[in-house]
Amino acid sequence: MDYYGFYTGKILDAYEYFGCHFTPNGAIFRTFAPAAEKIALIGDFNNWSDTPMQRTYDGNFWECEIPGVREEMKYKYRIYQKDGRVTDHTDPYGTGMEMPPQSATVVRRPDSFAWKDSKWMTQRTDCRDSALNIYEVHLGSWMTKEDGTWYSYSEIARPLVSYVEDNGYNYIEFMPLAEHPCDNSWGYQQTGFYSPTARYGSPDELKYLINYAHQHHIGVILDFVPVHFAVDDYGLAYYDGTALYEYPHVDVGYSEWGSKNFNHSRGEVQSFLQSCARYWLKEFHFDGIRIDALSNIIYWHGNKDRGVNDRAVEFIRHMNQSLKEMDPSVILIAEDSTSYGNVTKPVSEGGLGFDYKWDMGWMNDTLNYFRTHPFDRKREYHKLTFSMMYFGTEHFLLPLSHDEVVHGKATILQKMYGEYNNKFPQARALYMYMYTHPGKKLNFMGNEFGQLREWDEKREQDWDILKYPIHAAFARYMTDLCFIYRENPALYEMDYEPEGFRWIDCHQEEKCVYVFERIGKTQRILVLLNFSDSPQTYTLKSEDIHTLSLLLATDNVIYGGNHTYMEEPAIIPENETTEITIEAFTGLMYEIL
């Protein structure tokens, strides 16, 4: 290992040195614990009695070799602190852990899986000029067995991937899959950063799931958590008797979630985290990572008033640039609610090096608009035009994620103003606005069929709701919309070019009508949206629009709407106008021929 690179936060292969690695006679175990008085290795191979580890290199590293070590054996590091306390810790670089609430590290052989996804891996891209339609999934609550237990990674591969294929998505984003002790942390408070959670099976089973997805042309993104970690004493907290991974000061040591903040100023922590990102991308063939809570890395405690955490920002820059240099096709996504600049600009140009940034402003403005009484929307009209005022500053992704359907916020469908039946046409119109707006897309599971109950990690999605015709029709609409998005280049190939979007009319405040055009290299699409509760007539000037072919009408009877729409192209005589009636809460999408 490059020890200097480890100390200075420059390496991304620390996991190839630390942890458990097989040797001809058994296995060698290594850990980093500068302040420990002594360390013993305990596990199945020595009857959980102390086998002393030896200091190596400069005295900050510890190792020992054990004969006869086999896969599935369990172990921990017994760390004797200088103050006399003794704590048994799981291996920070361990690649397997027991099922919670048990906490020992499990010996795994990392190279045991036979990948069959070389075609996908050599052809994948960062989707900059192609469609990126992400289906966000919490693996334990997407679907469960009849007895309520979880499917394993391998068991869920076929139904999940088939569902994603059939419904028009081309990427899955998994909420965190690294080991975590508490189900209701959703994986965001971790103890095993290199260990796929045992809830759903072994690392090889997770590889099977990803391999299966790739064989069916579905990409896979992992929610990655480099901001904070769980406080459990067997984990990273106070690992060698000192604040090795966390900040030593209480005022910055604990996060708003009650977990411990990583000390991104330490090179050893930087190497740990960026090696972890590389580990998931390289060893598991994930196609990208979504960085959780980036604002808490950029600013101290995520608070702009406390200033920029310069060392943490430099860590993100180095990690992103290094990952991109190793493989330009990986997708790096930032969850960031701040106005910090150049998040998606290359590091070489002074940016943070992400491919995409979640557009939290778009999400909040849009959902607040649809919560508003239709009469009052004329006053809120420009909540839906504001996003295009700043859209050119970053490469944005439009998210309707898990965060928007929990903690009393109501589901996306339930957020729509009014009574039950009126929620569906508004939700259909909202999603047309989302899928025709520039930017890549992310939709959380359950949104696609009009889930009414807030998400609960302890229960599977309410699949039974699809027996009701209005929900089945909504699901059909969402599927058609997803495929239309993916099959029409004007909706994605110039997402981040000024020429890819043009307002035709964004001053129909009284009518709550919006008209715009999406432009691709060889295709143009016209979108008309009426978010009022009354039909509206819009006068369209021909200019260079002569023939319109309807792609989608949200009010179509097949989607639970009230009208049947003609499929024949509409011809507008040159230099004339035509009146288009847009029903209440309706969107119309035309291809301009």
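Is Glu-380 buried, partly exposed or exposed? Glu-380 is partly exposed, with a relative accessible area of 26%; here buried means under 20% relative accessible area, exposed means over 50%, and partly exposed lies in between, with a 1.4 Å probe and protein chains only. Its salt-bridge partner Lys-383 is also partly exposed, with a relative accessible area of 26%. The two side chains meet at 3.6 Å, N to O, and a salt bridge is counted when a side-chain nitrogen of Lys or Arg is within 4 Å of a carboxyl oxygen of Asp or Glu.

Before we go further, a word on what you are looking at. This is a predicted model, in which local features need pLDDT of at least 70 and side-chain atom pairs count only at pLDDT 80 or more, while totals for chains, interfaces and linings use all residues. Residues are numbered from 1 along each chain as its sequence is written, and side-chain values use heavy atoms, with hydrogens and water left out.

Let us stay with the charged pairs for a moment. The whole structure holds 32 salt bridges. One of them joins Arg-85 to Asp-83, with the closest N and O atoms 2.7 Å apart. Arg-85 has 45% relative accessibility and so counts as partly exposed; Asp-83, at 45%, counts as partly exposed too.

Another salt bridge, between Arg-124 and Asp-327, has its closest N and O atoms 2.8 Å apart. This pair ties together distant parts of the chain, 203 residues apart: Arg-124 sits in the loop between helix 2 (118–123) and strand 10 (133–137), and Asp-327 in the loop between helix 9 (310–326) and strand 18 (331–334). Helices (H or I, at least four residues) and strands (E, at least two) are DSSP runs, numbered from the N terminus. Arg-124 is buried, at 9% relative accessibility, whereas Asp-327 is partly exposed, at 21%. Elsewhere, salt bridges link Asp-223, Arg-290, Asp-292 and Glu-335 into a network.

Arg-124 and Asp-292 both come back when we turn to the open spaces. Rolling a probe the size of a water molecule over the atoms shows where empty space is left. On a 1 Å grid over the protein atoms alone, a pocket is an open set of points with protein on both sides within 12 Å along at least five of seven lines, a cavity is a set where a 1.4 Å probe fits but cannot get out, and lining residues have an atom within 4 Å of a point. Grid points are joined across faces, edges and corners, and a volume is the space filled by probe spheres set on the points.

The largest pocket holds about 620 Å³ of space. Its lining counts 26 residues, and those nearest its centre are Tyr-188, Glu-256, Trp-257, Asp-292 and Asp-403. By class, this lining splits into 9 nonpolar, 10 polar and 7 charged residues, where Ala, Val, Leu, Ile, Met, Phe, Trp, Tyr, Cys and Pro count as nonpolar, Asp, Glu, Lys and Arg as charged, and the others, Gly among them, as polar.

The second largest pocket has about 290 Å³ of space. It is lined by 17 residues, and Trp-120, Gln-123, Arg-124, His-214 and His-217 are the closest to its centre. Helix 2 and helix 5 (203–215) each supply at least two lining residues, and helix 2 gives the most, with 4. This lining has 4 nonpolar, 8 polar and 5 charged residues.

There are closed spaces as well: 5 cavities of 30 Å³ or more. The largest has a volume of about 80 Å³. Among the residues that line it are Val-227, Tyr-247, Phe-262, Trp-300 and His-301, and the lining as a whole has 6 nonpolar, 5 polar and no charged residues.

Finally, have a look at the strands. Strands of a sheet pair through backbone hydrogen bonds, either parallel or antiparallel; here two strands pair if DSSP finds at least two bridges between them. One open sheet has 4 strands in the order 1-2-6-5, with antiparallel pairing. Strand 1 (19–22) and strand 5 (54–56) are at the edges with a single partner strand each, so one side of each has no neighbour in the sheet. Strand 1 is joined to strand 2 (residues 26–32) by 4 bridges, and Cys-20 has Phe-29 as its bridge partner in strand 2.

Further along, strand 22 (residues 501–508) and strand 23 (residues 513–519) run antiparallel, joined by 5 bridges. Arg-502 stands opposite Glu-517 in strand 23. The two strands form a hairpin with 4 residues between them, and in the turn Cys-512 has a positive phi of about 60°.
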